[in-house]
Structure formats: structure tokens, C-alpha cells
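Here is a short walk through one protein model. Keep the sequence and the 3D view side by side as you read.

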Amino acid sequence: MANEEIKQRIIDFFKKSKGKTKFYLSDLQKAVPELKKRELKKITTEMIEEGTLMYYSTGSTTMLQLPEDDVDAKVKE
């Protein structure tokens, strides 16, 4: 499976999730169950570098979200 197809499935997973905008890496395994966690981590890291995903941290835990769901950035504008 091509990386671009996997990335699209991850983005689709975010967009289909009603109400929830932040996910743990383990939650994203539901979008691509055939990938091992290590492979998924590499792809999500690529997506963060590209700007299609971003980290969300509460201080005690780190989650992933789409950049357009960044409420903190919208509040600052």
C-alpha cells in the first residue's frame, strides 16, 4: 500500500469522526489496522512535517489533530 493512500485514510478517519478532533496514535491504528505501530508512527511524523497533521499536548499526554482543528490558534487570531 502506498504512503499517499495511507495518509489519505488517516485524514479521512479524522474527518469522519463526529465531535472528536484529537486522537492518540493507537486510535489511528483503527484507520490502518494492517500497519504496525512503528510504521504508523513514521507516516504520522511525515504528515506532521508536511503540515497535514499536528501534535496536541496537554502536558501529560500527546495526541494528533488536523491543523484546521487547532482551536488555540483560532482563539489567538
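The secondary structure comes to four helices and three strands. The model is a predicted one. Start at the N terminus and follow the chain: the elements run α-β-α-α-β-β-α. The protein has 77 residues, and 31% of them count as buried. About 5200 Å² of the protein is exposed, and carbon and sulfur atoms supply 52% of that area. Now consider contacts between residues at least 6 apart in sequence. Of these, 42% join residues at least 24 apart.

Turn to the strands next. In what order do the three strands of the open sheet lie? The order is β1-β3-β2, and the pairing is antiparallel. Strands of a sheet pair through backbone hydrogen bonds, either parallel or antiparallel. The edges of this sheet are β1, residues 22-23, and β2, residues 54-57. Each edge strand pairs on one side only.

Take the two pairings one at a time. β1 and β3 run antiparallel and are joined by two bridges. Here F23 has L64 of β3 as its bridge partner. On the other side, β2 pairs with β3, residues 62-65, over four bridges, again in the antiparallel sense. Two positions help to trace this pairing. M54 has Q65 of β3 as its bridge partner. S57 stands opposite T62 in β3. The hairpin of β2 and β3 has four residues between its strands. Within this hairpin, G59 takes a positive phi near 105°.

A helix lies against this sheet. Helix α3 packs on the sheet and touches β2 and β3. The direction of α3 makes about 100° with that of β2.

Now look inside. The largest nonpolar core holds 17 residues. Which of its members touch the most others? They are I10, F14, L28 and L40. Three helices each supply at least two residues of this core: α1 (3-16), α2 (25-28) and α3 (37-50). The most comes from α1, which gives five residues.

F14 deserves a closer look. Leave aside its neighbours within four places in sequence. F14 then contacts T21, F23, L28, L53, L64, Q65 and L66. Among these partners are F23 and L64, the two residues that form a bridge pair between β1 and β3. Another partner is Q65, which faces M54 across the pairing of β2 and β3.

The contact between F14 and F23 also involves their rings. Two aromatic pairs are counted in the protein. In the pair of F14 and F23, the ring centres are 5.2 Å apart and the planes stand at 80°, so the pair is edge-to-face. Planes over 60 degrees apart are classed this way. Both F14 and F23 are buried. Ring pairs link F13, F14 and F23 into a cluster.

Move on to M47, which sits in helix α3. Is M47 buried or exposed? Its relative accessibility is 0%, so M47 counts as buried. The cut-off for buried is under 20%. Setting aside residues up to four places away in sequence, M47 touches K7, I10, I11, T52 and L53. One of these, I10, lies 37 residues from M47 along the chain. The C-alpha atoms of M47 and I10 are separated by 9.8 Å. I10 is also among the core residues that touch the most other members. L53, too, has appeared before, as a contact of F14.

Finish with K20, in the loop between α1 and β1. With a relative accessibility of 40%, K20 counts as partly exposed, because that value falls between the two cut-offs, 20% and 50%. K20 and D69 are 49 residues apart in sequence. In space, their C-alpha atoms are 9.9 Å apart.

How values were computed:
Residues are numbered from 1 along each chain as its sequence is written. This is a predicted model: local features need pLDDT of at least 70, side-chain atom pairs count only at pLDDT 80 or more; totals for chains, interfaces and linings use all residues. Side-chain values use heavy atoms; hydrogens and water are left out. A nonpolar core is a set of buried Ala, Val, Leu, Ile, Met, Phe, Trp, Tyr and Cys residues joined through side-chain atoms within 4.5 Å. Buried means under 20% relative accessible area, exposed over 50%, partly exposed in between (1.4 Å probe, protein chains only). Contact means heavy atoms within 4.5 Å. Two strands pair if DSSP finds at least two bridges between them. Axes are lines fitted to C-alpha atoms, for helices over the stretch in contact, and angles run from 0 to 180 degrees between N-to-C directions. Accessible areas come from the Shrake-Rupley method with a 1.4 Å probe; for residues, only the protein chains shown count as cover. Rings of Phe, Tyr and Trp (its six-membered ring) pair if their centres lie within 6.5 Å; planes under 30 degrees apart count as stacked, over 60 as edge-to-face and the rest as tilted.
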